[in-house]
Amino acid sequence: MNTIIIDGKRTAERVRDKLRTAIEQLKQAGHIPGLAVVLVGENPASQVYVNSKVKACEELGIYSQKWSLPTETSQKELLELIDRLNHDDRIHGILVQSPPPPHIDEAAVVLRIDPRKDVDGFHPVNVAKLVMEDPSGFVPCTPMGCMELLKEYGIETQGKHAVIIGRSMIVGKPMAHLLMGKHANATVTVAHSRTTDLAGLCRTADILVAAVGRPGLVTAQYVKPGAVVLDVGINRVEDSTRPRGYRIVGDVDYAEVAPICRAITPVPGGVGPMTIAMLMANTVKACRAACGVG
Ligand code: NDP
């Protein structure tokens, strides 16, 4: 089969190109989109994510603030910072990098962010807007990026059976709502760790989304020939041949699955680059809404 390799880097660049135009228009009207990224603690992976987000802002001319707070930061101090950012007119989007240290109540932090600045789309107001298909809300960036990839590659979703493995609030659940919504019109099944005969279920999918966090879980026996496979997983596996001692792989056994499917996202270079591009898109959207620019 002539498999289409879905290029997330190229698609993300196209998204950024569109954003450059929108940002220029905002600047001409006297507005600069602003994003505050808050990191509590010293998780190395989180530091990499936060730095990439700040860098992406710089490349697009989005104003950014990076708050690196020590691990021992109290819940009260973090909430006070969020209050300040909620009232800072230069800031249109606020993101608190997950996971915070264990003594921080992440749900309380999400609740404190002004829903109009919740560019991660985690606040209950935005979750409700997604479920209600109200376009004024913010949708979590990774599933939004997956939808953008399907659109970019002209992949039909209407009437198709989509199976999503994973039911997290960050990926699986919002992805299900986007695919079942009136713009996509897919029929959706969500699988999780208690699903029986996962492979058999997945084989019924026209579109298979893997958001599990288990390297190589999805093998050829999970995939109907000709299906479209979106691999959201980002997993580190040991690899002594690499300078860092590990490599990044997805939830899909790419070597086995790629030859039998119609289209597939590689890891890295598939869904990953889209997440930050969509964060930038949400920040621009927040700025437009705050400034009353249509
Ligand atoms: P979570 O751990 O929050 O959720 C994982 C889901 O997978 C759960 O619903 C869990 O089921 C399910 N699951 C776990 N094991 C199995 C199994 N053996 N069979 C079936 N289902 C299983 O992860 P996230 O949604 O946050 O992330 C998923 C993956 O996506 C990770 O690799 C993460 O790194 C990656 N990711 C990538 C992003 C990107 O930018 N590309 C962004 C966000 C995440 P249950 O609910 O029953 O426990």
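**Exercises on a predicted model**

In this predicted model, helix H1 (residues 8–28) packs with helix H10 (residues 272–291), the axes lying 9 Å apart at an angle of about 15°.

**Exercise 1.** Classify the relative orientation of H1 and H10, and state the handedness of their crossing.

*Solution.* Step one: the angle between the axes is about 15°. Step two: angles under 35 degrees count as roughly parallel. H1 and H10 are therefore roughly parallel to each other. Step three: the crossing of H1 past H10 is left-handed.

**Exercise 2.** Describe the surroundings of the ligand by residue class, and identify its contacts with the side chains of Ser 168, Asn 235 and Thr 275.

*Solution.* Step one: the ligand is surrounded by 21 residues, of which Arg 167, Ser 168, Ser 193, Ile 234 and Thr 275 come nearest. Step two: the shell comprises 9 nonpolar, 10 polar and 2 charged residues. Step three: a ligand oxygen atom lies 2.6 Å from a side-chain N or O atom of Ser 168. For Thr 275, the distance from a polar side-chain atom to a ligand oxygen is 2.7 Å; for Asn 235, a side-chain N or O atom is 3.3 Å from an oxygen atom of the ligand. Step four: of the 920 Å² of accessible area that the ligand has on its own, the protein covers 71%.

**Exercise 3.** Locate the cis peptide bonds that precede Pro 99 and Pro 268.

*Solution.* Step one: the bond from Ser 98 to Pro 99 is cis, with omega near -5°; Pro 99 sits in the loop between strand E4 (93–96) and helix H4 (106–112). Step two: Val 267 and Pro 268 are joined by a cis bond with omega about 0°, and Pro 268 belongs to the loop between strand E11 (263–264) and H10.

Technical notes
Residues numbered from 1 in each chain as written. Predicted model: local features only at pLDDT ≥ 70, side-chain atom pairs only at ≥ 80, totals over all residues. Heavy atoms only, no water. Near = heavy atom within 4 Å. Polar contact = N/O pair within 3.5 Å; in protein donor to acceptor, adjacent residues only side chain to side chain. Areas by Shrake-Rupley, 256 points an atom, 1.4 Å probe, with all protein chains shown as cover. Nonpolar A, V, L, I, M, F, W, Y, C, P; charged D, E, K, R; others polar. Axes fitted to C-alpha atoms, helices over the stretch in contact; angles between N-to-C directions. Helix = DSSP H or I, 4+ residues; strand = E, 2+ residues; numbered from the N terminus. Parallel < 35°, antiparallel > 145°, perpendicular 65-115°, else oblique. Left-handed = near helix turned anticlockwise from the far one by under 90°.
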